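Grab a pencil and open the viewer. Here are a few exercises on reading folds, rings and surfaces, each with a solution you can check as you go.

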Amino acid sequence: MKELRKSTRWQIGRQGTFKLWHPPQEVFCQIKDISYKGVKVTLNTKLPEDTALKINLQLSENHTIDAEVWIVWHKVINGAHHYGLYFNRIRDVDKEKIFKFISAFYPNDLKRKWWPESEAEKEKGG
């Protein structure tokens, strides 16, 4: 299957805390991957459908982001809810927190090119 993403996502695979603002709810989650455009999480809780959700996602003790997300896809596998969440609204300061989190916990992953390569760059050989 061809990957359609243009931005790099970092494979995280760690526990986090997922807080919904409306209705107020806090659950533990498994953060599968993250990018500046969205996040993939696994929850034991089903999220409300067809609505933008305001969330607080704790990546680590010192790295928490606030964003408004939209559910792009949802699958139930072995009773767990897997979600692909798109950041509708995320502040630059929260994108910086994602960068700092990756820098602190996955520094080798930052060595990969994290911006999309233009067609002109491809033709020039990078």
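The exercises below go from the overall fold to the aromatic rings and then to the surface; keep in mind that this is a predicted model.

**Exercise 1. Work out how many helices and strands the protein chain has, and in what order they run.**

Solution. Start by counting: there are two helices and six strands. Next, walk along from the N terminus, and you get β-β-β-β-β-β-α-α. Now check the contacts: of those between residues at least 6 apart in sequence, 51% join residues at least 24 apart. Finish with burial, where 36% of the 126 residues come out as buried.

**Exercise 2. Classify the ring pair Phe-101 and Phe-105, and say where the two residues sit.**

Solution. A pair of aromatic rings is described by the distance of the centres and the angle of the planes. The rule for pairing gives three aromatic pairs in total. For Phe-101 and Phe-105, the ring centres are 5.1 Å apart and the planes make 35°, so this pair is tilted. Both residues belong to helix H1 (residues 92-105), and because they are four residues apart, about one helical turn separates them. Accessibility splits the two: Phe-101 is buried at 0% relative accessibility, while Phe-105 is partly exposed at 38%.

**Exercise 3. Bring in Tyr-106: what kind of pair does its ring make with Phe-101?**

Solution. Take the distance, then the angle. The centres of Phe-101 and Tyr-106 lie 5.9 Å apart with planes at 65°, so the pair is edge-to-face. Tyr-106 is buried, just like Phe-101. Put the rings together and Phe-101, Phe-105 and Tyr-106 make up one aromatic cluster.

**Exercise 4. Find which charged side chains sit over the rings of Phe-105 and Trp-73.**

Solution. Go ring by ring. Over Phe-105 you'll find the charged end of Arg-14, 4.4 Å from the ring centre. Over the face of Trp-73 lies Lys-75, at 5.5 Å from the ring centre.

**Exercise 5. Describe the nonpolar surface patch that includes Trp-73, and say which strand gives the largest share.**

Solution. List the members: Trp-70, Val-72, Trp-73 and Tyr-86, with about 390 Å² of accessible area together. Then sort them by element. Strand S5 (residues 63-77) gives the largest share, three residues, and Tyr-86 is in strand S6 (residues 80-90). Tyr-86 has a relative accessible area of 40%, so it counts as partly exposed. To set the scene for the patch, the protein chain has an accessible surface of about 8200 Å², with 51% of it on carbon and sulfur atoms.

Technical notes: Residues are numbered from 1 along each chain as its sequence is written. This is a predicted model: local features need pLDDT of at least 70, side-chain atom pairs count only at pLDDT 80 or more; totals for chains, interfaces and linings use all residues. Side-chain values use heavy atoms; hydrogens and water are left out. Patches are made of residues with over 30% relative accessible area and no salt bridge: like charges are joined within 9 Å, nonpolar side chains (Val, Leu, Ile, Met, Phe, Trp, Tyr) within 5 Å. Accessible areas come from the Shrake-Rupley method with a 1.4 Å probe; for residues, only the protein chains shown count as cover. A salt bridge is a side-chain nitrogen of Lys or Arg within 4 Å of a carboxyl oxygen of Asp or Glu. Buried means under 20% relative accessible area, exposed over 50%, partly exposed in between (1.4 Å probe, protein chains only). Rings of Phe, Tyr and Trp (its six-membered ring) pair if their centres lie within 6.5 Å; planes under 30 degrees apart count as stacked, over 60 as edge-to-face and the rest as tilted. A charge sits over a ring if NZ of Lys or CZ of Arg is within 6 Å of the ring centre and within 35 degrees of the ring normal. Contact means heavy atoms within 4.5 Å.
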